[in-house]
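Colleague: I am new to this structure and would like to learn how to read it, one feature at a time. Could we look at it together?

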Amino acid sequence: MTPVKPPTPNNPQSLNAPKSTSSNVPSSPPKMTQKSNPPSDTPMDKVPTQPQIIIFSNSMCGRINEQRFYRGRTTKVIAKSGASIVDVQRLVEECSFDGPKYVILQAWTNSATRETAEKCHLQASALVNATLQKYPDAQIIISGALPRLVPINRRDTNVVISQLNRNFKINCRNSTRVTFVDHISSFVDVNGQIRRDLYYDFVHLNNRGLGKLVLNLRRAIDSVTRFPMYNHMPNT
């Protein structure tokens, strides 16, 4: 029995109670329980905070810089390339973020290339209603449909876009929670011609065009913040 004691001098404190420290293997579980608390705390620090602004969009807003979009407000861009109005509604319904103050919708041009204005209007109404229901405390900002330089599938794409924007204006007049942003004047010249210098492929915005879009959306957030009843951003 005495040969068993020599290993203990490595830990002089264990000499007082050689059996309790060596035989009680459960002395490690208390350490495990103590270590289990910090891991539960550290992930909480790494979990992204709930955004104050959420942008649901097709590829039009996909390149927006979340960190620089609006100073002092956390922003999350959820975009899908080629998304239709129905696709963007699915993005809204499947989103796991809660409690944003502002929700921006940009979802119209892809549907306008292949659907009638009436069908686009019905789908847009369904999208807005679904967003209002999912985020009952948020202000909804409809980012108006942007004109396209090249007709895709339909020659009257811009006609459908114009009708969509007209319907948005009418429907937002009596709403206290939905604001419409009309971008058209920012993307046409004094003669009413679409500005080619704001597009890089006649469909998608280049950096300069994206900057104009972002500026209009920031102004919309400012107007809603300062004047909650002001629900239509005029042409800028």
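Colleague: Which residues line the second largest pocket?

Modeller: Please keep in mind that this is a predicted model. The lining of the second largest pocket is made up of R63, I64, N65, R68, F69, N207, L210, G211, V214 and R218. The volume of this pocket comes to about 220 Å³, and by class its lining holds 4 nonpolar, 3 polar and 3 charged residues.

Colleague: One of those lining residues is R218. Where is R218 found, and is it buried or partly exposed?

Modeller: The idea is to compare the relative accessible area with two cut-offs, since buried means under 20%, exposed means over 50%, and partly exposed lies in between. R218 is found in helix α7, and because its relative accessible area is 30%, it is partly exposed.

Colleague: Which residues does R218 touch, once those up to four places away in sequence are not counted?

Modeller: R218 touches R68, F69 and Y70, and of these R68 and F69 also belong to the lining of the second largest pocket. With Y70 one can see how the chain brings residues together, as R218 and Y70 are 148 residues apart in sequence, while their C-alpha atoms are 6.9 Å apart in space. There is also a polar contact here, in which the side chain of R218 reaches the backbone oxygen of R68 at 2.7 Å.

Colleague: What can be said about R219, the place of which is in helix α7 as well?

Modeller: R219 counts as partly exposed because its relative accessibility is 38%. The C-alpha atoms of R219 and V181 are separated by 9.2 Å, and these two residues are 38 residues apart along the chain.

Colleague: And V224, is it buried or exposed?

Modeller: V224 has its place in helix α7, which spans residues 207-226, and it counts as buried because its relative accessibility is 4%, which is under the 20% cut-off. Leaving out residues up to four places away in sequence, V224 touches Y102, Q139 and T179. For the pair V224 and Y102, the distance from C-alpha to C-alpha is 9.3 Å, although 122 residues separate them in sequence.

Colleague: How should I read the chain as a whole, and how many helices and strands are there?

Modeller: One lists the elements from the N terminus and then asks how the contacts are spread along the sequence. The protein chain has 7 helices and 6 strands, and their order from the N terminus is α-α-β-β-α-β-α-α-β-α-β-α-β. Among contacts between residues at least 6 apart in sequence, 69% join residues at least 24 apart. Of the 236 residues, 40% count as buried, and the chain exposes about 13700 Å², of which carbon and sulfur atoms supply 53%.

Colleague: Which residues of helix α3 are buried, and what covers them?

Modeller: Helix α3 covers residues 85-94, and its buried residues are I85, D87, V88, Q89, L91 and V92. Their cover includes the strands β1 (53-57), β2 (75-79) and β3 (102-106), together with the helices α4 (109-112) and α5 (117-134).

Colleague: How many cavities of 30 Å³ or more are there, and which residues line the largest cavity?

Modeller: A cavity differs from a pocket in that a probe fits inside but cannot get out. The count comes to 1 cavity of 30 Å³ or more, and about 30 Å³ of space lies in the largest cavity. Its lining consists of N58, S59, M60, T109, N110, R148, V203 and H204, which by class gives 2 nonpolar, 5 polar and 1 charged residues.

Colleague: Where is R114, and which backbone oxygen lies 3.3 Å from a polar atom of its side chain?

Modeller: R114 has its place in the loop between α4 and α5, and the backbone oxygen in question is that of N110. R114 counts as partly exposed because its relative accessibility is 42%. R114 and V160 are 46 residues apart in sequence, with 9.8 Å between their C-alpha atoms.

Colleague: Why does S175 count as buried?

Modeller: S175 is buried because its relative accessible area is 17%, although its place is in a loop, between α6 (157-172) and β5 (178-181). A polar atom of the S175 side chain lies 3.0 Å from the backbone nitrogen of V178.

Technical notes. Residues numbered from 1 in each chain as written. Predicted model: local features only at pLDDT ≥ 70, side-chain atom pairs only at ≥ 80, totals over all residues. Heavy atoms only, no water. 1 Å grid on protein atoms, 1.4 Å probe; cavity = no way out; pocket = protein on both sides within 12 Å on 5 of 7 lines; lining within 4 Å. Points joined across faces, edges and corners; volume = space filled by probe spheres on them. Nonpolar A, V, L, I, M, F, W, Y, C, P; charged D, E, K, R; others polar. Helix = DSSP H or I, 4+ residues; strand = E, 2+ residues; numbered from the N terminus. Buried < 20%, exposed > 50% of the residue type's maximum accessible area, 1.4 Å probe, protein only. Contact = heavy atoms within 4.5 Å. Areas by Shrake-Rupley, 256 points an atom, 1.4 Å probe, with all protein chains shown as cover. Polar contact = N/O pair within 3.5 Å; in protein donor to acceptor, adjacent residues only side chain to side chain.
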